Amino acid sequence: MDDREYSLTAEQRAVKHLDHTADVQLHSWGDTVEEAFEQAVMAMFGYMTDIETVQPLTTLEVKAEGHDMLSLLYNFMAEWLYQFSAELFFIPREMKVIHLDRSNYTIRSIGWGEEFDIAKHPQGTEVKAITYSAMQIHEDESPHIFVIIDI
């Protein structure tokens, strides 16, 4: 290898930054904030497979905590994603928030489902992560949530 200079000036560079959509925004709602949290998780799993093919054979409890409502939502969804991605490959057919503590920012939930099986469950798009980008929780008379997931 020789000692030639390989750095290029800005005019010589042949690069360009292009936009790439690798995110999906989920919008969920319910009669309560708890239901909106439930639906956000189910929307995420619905992006990963057809939930109708999942049988409620196993029960899984998932807990999360945060320092405010946004971090609680983020951690809650990330914990459910972890149960699918790295631990049990668990996918819920249904899930329910059992307890949401808005003072201490903790949440407990139960999911009914089974281990993901590619022979049984159609493969959708992989969800890599939850993001804080444009995350919103609206607790008005019609609670709803916006969450962007990285695919």
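Me: In this predicted model, with which residue does K96 form a salt bridge?
Reply: K96 lies in strand β3, and its partner lies in helix α1, so the pair ties together parts that are 58 residues apart in sequence. K96 itself counts as partly exposed, at 41% relative accessibility. The closest N and O atoms of the bridge are 3.9 Å apart, and the residue that K96 meets there is E38.

Me: Is E38 buried or exposed?
Reply: Residues count as buried when their relative accessible area is under 20%. E38 has a relative accessibility of 7%, and therefore E38 counts as buried.

Me: Which residues are joined with R102 into one network by salt bridges that share partners?
Reply: R102, which sits in the loop between β3 and β4, meets E34 of helix α1, a residue 68 places away along the chain, in a salt bridge of 4.0 Å from N to O. R102 also forms a salt bridge with E139, where the closest N and O atoms are 3.0 Å apart, and E139 belongs to the loop between β6 (136-138) and β7, 37 residues from R102. Because they share a partner, these salt bridges make one network, in which R102 is joined with E34 and E139.

Me: What are the relative accessibilities of R102 and E139?
Reply: Residues between the limits of 20% and 50% count as partly exposed. R102 falls in this class at 36%, and E139 also counts as partly exposed, with a relative accessibility of 43%.

Me: Which residues does E34 touch, not counting residues up to four places away in sequence?
Reply: E34 lies in helix α1, and its C-alpha is 6.0 Å from that of V97, although the two are 63 residues apart in sequence. Besides its salt-bridge partner R102, E34 is in contact with two further residues, so the list reads R102, L100 and V97.

Me: How many residues does α1 give to the largest nonpolar core?
Reply: This core holds 38 residues, and F37, M44, F45, F76, M77 and W80 touch the most other members. Among the elements that give two or more residues to the core are β1 (23-29), α1 (33-48) and α2 (69-87). The element that gives the most is α1, and its share is 9 residues.

Me: Leaving aside its neighbours within four places in sequence, with which residues is F37 in contact?
Reply: F37 is among the buried residues of α1, and it is one of the residues that touch the most other members of the core. Its contacts are M69, L72, L73, F76, V97, I107, I137 and I145.

Me: What is the order of the strands in the open sheet of 3 strands?
Reply: Strand β2 is joined by 8 bridges to β4 (residues 106-115), and the two run antiparallel, with E61 opposite I110 in β4. Strands β3 and β4 pair in the antiparallel sense over 10 bridges, with M95 opposite G111 in β4. The order is therefore β2-β4-β3.

Me: Which strands stand at the edges of this sheet?
Reply: In the sheet with the order β2-β4-β3, an edge strand has a single partner, so one side of it is left without a neighbour in the sheet. The strands in that position are β2 and β3.

Me: About what angle does the direction of α2 make with that of β2?
Reply: Helix α1 packs on the sheet and touches β3 and β4, its direction making about 160 degrees with that of β3. Helix α2 also packs on the sheet, touching β2, β3 and β4, and the angle between the directions of α2 and β2 is about 145 degrees.

Me: Which residue in the hairpin of β3 and β4 takes a positive phi?
Reply: This hairpin has 4 residues between its strands. The positive phi is near 55 degrees, and the residue that takes it is Y105.

Me: Is T49 buried or exposed?
Reply: T49 lies in the loop between α1 and β2, where it touches I91, F116, H121, P122 and G124, not counting residues up to four places away in sequence. Its relative accessibility is 4%, and therefore T49 counts as buried.

How values were computed
Residues are numbered from 1 along each chain as its sequence is written. This is a predicted model: local features need pLDDT of at least 70, side-chain atom pairs count only at pLDDT 80 or more; totals for chains, interfaces and linings use all residues. Side-chain values use heavy atoms; hydrogens and water are left out. A nonpolar core is a set of buried Ala, Val, Leu, Ile, Met, Phe, Trp, Tyr and Cys residues joined through side-chain atoms within 4.5 Å. Buried means under 20% relative accessible area, exposed over 50%, partly exposed in between (1.4 Å probe, protein chains only). Contact means heavy atoms within 4.5 Å. Axes are lines fitted to C-alpha atoms, for helices over the stretch in contact, and angles run from 0 to 180 degrees between N-to-C directions. A salt bridge is a side-chain nitrogen of Lys or Arg within 4 Å of a carboxyl oxygen of Asp or Glu.
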